[in-house]
2 protein chains.
Amino acid sequence: MKTHINDSFWQRYIQLIRTEMIPYQWRVLNDEAGIAIDKERDDDNIPSDKSNAIENLKIAAGQKEGHHYGYLFQDTDVYKWLESAANTYAIKPDEKLKSMMDDVAVLIEEAQEDDGYISTYYQIDAPEQKFRRLFESHELYSAGHLIEASVAYYKATGEDRLISVSKKLVVCIQNAFGPEEGKIHGADGHQEIELALVRLYEVTGDQSYLDLSEWFLEIRGQDPDFYQKQLDENKKMGIRHEKTWGIDPVYLQAHKPVPEQEEAVGHAVRLVYMATAMAEVAYHNKNQKLLKAAKSLWKSIVTKRLYITGGIGSTVHGEAFTFDYDLPNDTMYCETCASIGLMFFARAMMKNEVDAEYADIMERALYNTVISGMALDGKHFFYVNPLEVDPKSSKRDPGKSHVKPTRPSWFGCACCPPNLARTLTSLDRYIASTTTDSLSVHLYMGMEGTYELEDQMIKLKQTTQMPYEGEVTLEIKEVVHPFTLRLRIPSWAEDFKLKVNDIPIEIERSDGYAMIEITSDATLSLTFAMPVLEWQSHPLVKEDKGKVAVQRGPFVYCIEEEDNEALLHLYTLADKPEPKFSEYERLGDFVALEGTAEKILIDDSWSGVLYKAGIKKQRTEMKKLTFIPYHLWANRSTGEMRVWVDRKQGKDV
Amino acid sequence: MKTHINDSFWQRYIQLIRTEMIPYQWRVLNDEAGIAIDKERDDDNIPSDKSNAIENLKIAAGQKEGHHYGYLFQDTDVYKWLESAANTYAIKPDEKLKSMMDDVAVLIEEAQEDDGYISTYYQIDAPEQKFRRLFESHELYSAGHLIEASVAYYKATGEDRLISVSKKLVVCIQNAFGPEEGKIHGADGHQEIELALVRLYEVTGDQSYLDLSEWFLEIRGQDPDFYQKQLDENKKMGIRHEKTWGIDPVYLQAHKPVPEQEEAVGHAVRLVYMATAMAEVAYHNKNQKLLKAAKSLWKSIVTKRLYITGGIGSTVHGEAFTFDYDLPNDTMYCETCASIGLMFFARAMMKNEVDAEYADIMERALYNTVISGMALDGKHFFYVNPLEVDPKSSKRDPGKSHVKPTRPSWFGCACCPPNLARTLTSLDRYIASTTTDSLSVHLYMGMEGTYELEDQMIKLKQTTQMPYEGEVTLEIKEVVHPFTLRLRIPSWAEDFKLKVNDIPIEIERSDGYAMIEITSDATLSLTFAMPVLEWQSHPLVKEDKGKVAVQRGPFVYCIEEEDNEALLHLYTLADKPEPKFSEYERLGDFVALEGTAEKILIDDSWSGVLYKAGIKKQRTEMKKLTFIPYHLWANRSTGEMRVWVDRKQGKDV
């Protein structure tokens with residue numbers, strides 16, 4: 001089931017990761033000279049002038065002396081780098097990269113303790129606190145990223161040295177956590193181990209990993225006071241550590257047992273990482289309760305707490321969900337990592353049921369918030385992906401200081417850039433999925449791959465101009481037995497046409513997919529109408545009243561000050577924007593949209609006047625309004641941007 | 001120049017202060033049993049389960065043992081109480097109250113040190129830090145409130161025991177601060193001493209107080225690093241204290257010399273307290289530079305940074321101004337105290353020039369944000385006065401947790417309630433002002449008063465149904481020499497009629513006042529049209545686009561969930577609301593307004609749907625929309641409220 005993406009849109013990203021991100025991140029992890037780290041994060045407690053991540057591992061391995069430096073989860077920067085590097089190596093082997101990876105693998109082996117434990121902060125500076133401050137320790141979160149890296153390394157190289165590290169680490173975790181008396185009856189504050197254990201199960205087939213994941217999911221929230229009690233116990237035992245923040249069980253998704261959780265609450269990344277594990281465990285272990293809860297969480301997100309850009313997390317405070325229909329456009333968090341996690345969640349749900357809603361949301365997140373996280377130069381990254389920005393507000397309203405109008409180069413807490421790198425280098429996993437007798441195609445992009453069904457290996461090749469044009473040719477080869485081919489009809493395609501071996505066929509959608517019985521090799525040609533869509537929000541989304549968001553194909557669009565005169569809130573879109581195929585400097589090829597808008601004129605009568613009595617209509621002038629795909633914003637200049645644009649309301653269009 | 005307010009609208013408030021607030025606050029200050037103090041403020045560092053304010057003074061006076069408890073400026077709760085009590089006593093003497101006031105006066109005398117110093121935190125627990133952490137110490141802020149209380153006590157009782165305390169305190173300050181070498185070349189982080197010194201000058205005639213005030217205004221911002229340098233010096237000297245927050249010269253209005261400040265920035269209360277002193281000193285000392293700067297600050301506020309309700313301070317972060325036209329309705333601060341300070345500032349500006357803009361803004365603040373600060377029961381108080389509230393957001397969006405949907409009963413930091421009390425009990429000062437040959441009437445309310453002009457004491461009596469009806473009878477008596485009477489024509493009155501001794505006269509406005517030469521006793525009858533006004537905001541105020549705020553007379557109106565079905569953002573006002581004179585339970589007499597609005601219907605097509613393609617107009621139904629005066633909100637139930645309401649736009653109305 002090896003897949004190769006040869007699509008020009010995605011090749012650019014994958015290339016950037018290989019040539020820019022991986023070497024750059026490597027230098028950061030090694031504190032090489034000339035790497036300036038921005039002090040952009042408003043976190044005085046955390047030093048961000050160097051990474052020290054490799055150094056921490058060396059100290060833990062006994063190769064160096066010194067103290068740990070950085071976040072409690074600083075190790076994960078190394079693990080995520082390793083995972084991206086392995087994914088990149090799998091796409092295109094490269095001996096220099098292999099040797100860097102191997103050096104890291106050896107270092108990890110040496111840093112791991114005899115009992116399997118590894119987490120450098122605790123090894124170096126606080127061994128008495130191991131597994132004793134789970135609300136914030138990130139030890140199992142770090143373990144999860146090590147496990148994910150070990151799986152990627154194994155898949156890319158066939159070498160199992162890091163799988164051995166992971167197995168030893170899991171033994172250590174099994175010795176400390178579990179239902180038995182004397183073990184810890186709780187899970188890590190930040191979910192991640194749960195989904196990583198599933199990955200380890202997938203390559204080893206060891207059921208105990210799956211069961212441990214299931215146990216972590218089921219112990220969580222059994223006692224909402226678990227984390228506080230752990231700290232209270234420490235106090236009694238004389239174990240001192242600074243409590244750096246308050247414990248809120250809702251933030252930690254530990255306010256009630258996981259199978260009973262129905263609403264997406266708390267830290268957004270944690271929620272989707274947890275939900276991914278729920279869906280995976282539900283699938284492998286046939287756990288209906290977890291599946292039901294995962295479905296509830298999915299519905300809670302996509303019907304009430306999801307931005308049109310595929311972003312989640314309505315508030316910076318706790319980087320968290322808030323409440324139904326609370327989707328402010330200029331104060332939200334919409335972390336890149338959270339949308340990456342939403343892709344994980346969607347993919348995991350598709351294992352349980354093939355319904356185009358999952359792929360639709362996965363695509364929405366991927367083509368908008370996820371890739372918005374990275375600049376076109378591959379060296380600057382957004383953590384926060386706003387739907388409305390005014391640089392004045394970012395600078396002078398402290399409540400919006402987290403909303404950056406340009407991508408900073410690097411942060412002390414470097415979670416998003418390496419997460420992007422590992423996700424985009426494993427994009428092949430998201431294109432299609434199989435059952436014993438079916439192949440479901442979820443994403444359309446230029447690719448070739450082999451998919452394993454019962455007793456046959458089907459070859460699939462896609463040729464397409466997606467995401468810009470809605471034509472896809474799918475070549476199906478090496479068909480031995482009949483099987484069902486499911487082709488997703490994207491929600492943005494109002495219409496589609498299908499030819500099989502040049503013969504037009506009429507076909508109904510089922511759960512958002514066109515279903516065709518394939519009995520022998522065939523060439524399918526699928527054509528989607530790719531109209532410009534104007535989306536309205538549910539009336540309970542206050543911030544979007546009277547506004548539309550524009551979409552074409554998978555791309556949500558935005559307006560930027562660079563293309564349109566400033567004061568973007570003064571525009572009211574008058575008609576539906578249409579595609580415009582001219583070229584835009586510094587943005588490469590893409591399809592812009594152009595519409596006309598009434599723009600309010602601020603005339604002299606407002607000079608020195610803040611409020612005026614009367615409801616006289618403001619004078620306006622007609623202006624061209626240019627839209628670009630959202631993910632391209634902030635690549636040219638610093639200025640205003642908005643996704644939701646005031647719209648002249650139709651009657652019954 | 002004694003004035004008595006006998007107006008039923010204001011009598012209610014003054015009565016509440018006498019019968020509820022003053023006795024209640026007295027019990028709080030004395031930590032009497034049965035006083036529950038809400039822990040509503042999100043400030044874990046500050047204990048708020050008791051006041052300890054009187055206790056602190058007793059400890060400083062050597063009557064008790066113990067440590068200081070509460071804020072660094074806890075003493076001011078006592079001083080503001082005393083000022084309110086004195087104002088109340090001046091309105092209606094009461095021996096019991098006098099004896100309470102006298103006990104406090106004696107206690108203050110005894111707490112004051114021999115060199116004049118008084119500030120209980122430093123006296124009790126940190127004498128080595130006196131005047132050494134000015135960015136946050138509030139020592140001169142507290143001194144200012146003591147001086148203001150001493151002036152009020154003197155005016156109410158004729159006794160100068162507290163004036164003596166103030167004089168001694170000023171000597172202490174003069175010994176420590178000033179241009180001479182060895183003295184401190186800076187001002188208190190929180191302005192207040194500057195305006196208090198003017199009050200002391202006004203009753204003593206001692207020019208040195210005025211000059212000290214001027215010096216504090218002129219030293220401020222000469223060195224923006226003054227506060228940081230002071231802390232650095234302490235470090236060298238081995239004086240330790242915790243720095244509880246970062247020093248931002250903009251927050252402290254010390255980023256540039258005061259006479260050069262043109263924009264209202266930083267902590268809103270501090271800014272208007274400072275600006276009040278600037279206008280007062282400019283008037284008394286004929287300081288044109290300060291007057292020019294004060295005018296700039298005034299213009300900056302009223303043309304770019306003022307809410308329609310007379311609120312100021314666009315952000316909770318630093319309780320501060322942000323930038324021009326940044327007036328969010330649901331995250332702002334709009335502290336009651338800041339609008340009180342804006343009244344001070346307006347009144348001080350009117351000493352320099354009689355222009356109705358000052359009185360208009362003063363009235364706007366007073367009748368809306370200021371009295372909104374107090375519940376009708378006199379026992380619950382807003383610090384934050386929002387223009388839009390959704391209780392769900394207050395509860396579940398941490399970025400709006402400061403916006404309370406109901407008035408809490410008391411806070412650890414009790415600045416606003418006593419500030420309200422001292423202001424409303426001195427409202428007589430705001431009604432009119434004089435020069436040698438003129439009397440200017442700024443506010444209309446039932447009152448009788450005597451005003452001193454050159455060589456004559458003019459009697460003025462107003463009889464009116466204001467603020468509900470626009471008719472005022474003004475009786476002018478004891479006229480000896482001709483003088484000019486200025487009658488303010490409020491900005492909300494589109495038209496006015498004037499009769500002098502029953503004879504209609506035509507008169508032009510000059511700077512917003514009708515000017516009449518009075519040569520002998522006369523009865524004037526002034527009639528204002530009191531139309532319902534719909535205000536639009538400047539187009540740069542993003543949050544108000546397409547919305548109106550409704551006003552009648554001095555009252556800005558709002559809609560509340562109590563009178564209108566919830567989901568207030570779904571309404572679009574279709575016509576101008578009209579007065580409706582029916583009675584409203586639990587709110588007493590007032591004039592409600594009623595209009596019709598289109599309300600969006602959330603039909604079944606939205607079930608499980610967050611975004612819908614197309615711009616089909618939402619289905620609506622016509623609904624009655626009831627408006628009540630803003631200051632009355634949150635007196636009946638907890639629910640949504642908003643001032644700015646979506647409005648069907650007119651063509652050329």
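# Worked exercises on a predicted two-chain model

A:E335 is buried, with a relative accessible area of 4%. The model is a predicted one, and the exercises below start from this residue before moving to salt bridges, the interface and the sheets.

**Exercise 1. Locate A:E335 in chain A and list the residues that it touches, leaving aside those up to four places away in sequence.**

Step 1. A:E335 is found in the loop that lies between α12 (288-304) and α13 (336-352) of chain A.

Step 2. The contacts of A:E335, once residues up to four places away in sequence are set aside, are A:V269, A:I312, A:E319, A:T369, A:Y383, A:N385, A:C415 and A:C416.

Step 3. One of these partners, A:C416, belongs to α16(A) and is itself buried; in that helix 9 of 9 residues are buried, and α16(A) is thus mostly covered.

**Exercise 2. Decide whether each residue of the salt bridge between A:D324 and A:R305 is buried or partly exposed.**

Step 1. The two side chains meet at 2.8 Å, taken from N to O, and both residues sit in the loop between α12 and α13 of chain A, 19 residues apart.

Step 2. A residue counts as buried under 20% relative accessible area and as exposed over 50%, with partly exposed in between.

Step 3. A:R305, at 2% relative accessibility, therefore counts as buried, whereas A:D324, with a relative accessible area of 24%, is partly exposed.

**Exercise 3. Apply the same cut-offs to the salt bridge of B:E598 and B:K617, and find the strand partner of B:E598.**

Step 1. The side chains of B:E598 and B:K617 meet at 3.7 Å, N to O; B:E598 lies in strand β19 of chain B and B:K617 in the loop between β20 and β21 of chain B, 19 residues apart.

Step 2. B:E598 has 17% relative accessibility and so counts as buried, while B:K617, at 37%, counts as partly exposed.

Step 3. B:E598 also has a bridge partner in β21(B), namely B:M622, and the two strands concerned, β19 (residues 592-600) and β21(B), pair in the antiparallel sense over 8 bridges.

Step 4. Strand β21 (residues 620-629) of chain B pairs with β16 (residues 555-560) of chain B as well, in the antiparallel sense and over 3 bridges; here B:C558 has B:I628 as its bridge partner.

**Exercise 4. Describe the interface of chain B and chain A by its contacts, its buried area and its polar links.**

Step 1. On the side of chain B, 66 residues are in contact with 66 residues of chain A.

Step 2. The area buried between the two chains is about 5,600 Å², and carbon and sulfur atoms give 60% of it; in chain B, the residues that lose the most area to chain A are B:L610, B:Y611 and B:I615, which together account for 16% of what that side buries.

Step 3. Across the interface there are 6 salt bridges, and a salt bridge between the side chains of A:K542 and B:D390 has an N to O distance of 2.8 Å. The count of residue pairs in polar contact between chain B and chain A, both at pLDDT 80 or more, is 26.

Step 4. The largest share of the side of chain B that touches chain A comes from β14(B), with 5 residues, and the residues of that side divide into 29 nonpolar, 16 polar and 21 charged.

Step 5. Strand β20 (residues 611-613) of chain A runs antiparallel to β14(B), to which 3 bridges join it, and A:K612 stands opposite B:Q536.

Step 6. A:G399, in the loop between α15 (391-396) and α16 (416-424) of chain A, touches A:T331 and B:H317, not counting residues up to four places away in sequence, and is partly exposed at 23% relative accessible area.

**Exercise 5. Explain why β3 and β11 of chain B are each left without a neighbour on one side in the sheet.**

Step 1. The open sheet consists of 5 strands in the order β3-β4-β8-β12-β11 (chain B), with mixed pairing.

Step 2. β3 (432-435) and β11 (509-510) stand at the edges and each has a single partner strand, so one side of each lacks a neighbour in the sheet.

Step 3. For β3(B), 4 bridges join this strand to β4 (residues 438-441) of chain B in an antiparallel arrangement, where B:S433 has B:S440 as its bridge partner.

Note on methods: Residues are numbered from 1 along each chain as its sequence is written. Chains are lettered from A and ligands numbered from 1 in the order in which they are written. This is a predicted model: local features need pLDDT of at least 70, side-chain atom pairs count only at pLDDT 80 or more; totals for chains, interfaces and linings use all residues. Side-chain values use heavy atoms; hydrogens and water are left out. Contact means heavy atoms within 4.5 Å. Buried area is the accessible area (1.4 Å probe) that two parts lose on being put together, summed over both. A salt bridge is a side-chain nitrogen of Lys or Arg within 4 Å of a carboxyl oxygen of Asp or Glu. A polar contact is a pair of N or O atoms within 3.5 Å; within protein, one must be able to donate a hydrogen and the other to accept it, and residues adjacent in sequence count only if both atoms are side-chain atoms. Ala, Val, Leu, Ile, Met, Phe, Trp, Tyr, Cys and Pro count as nonpolar, Asp, Glu, Lys and Arg as charged, and the others, Gly among them, as polar. Two strands pair if DSSP finds at least two bridges between them. Buried means under 20% relative accessible area, exposed over 50%, partly exposed in between (1.4 Å probe, protein chains only).
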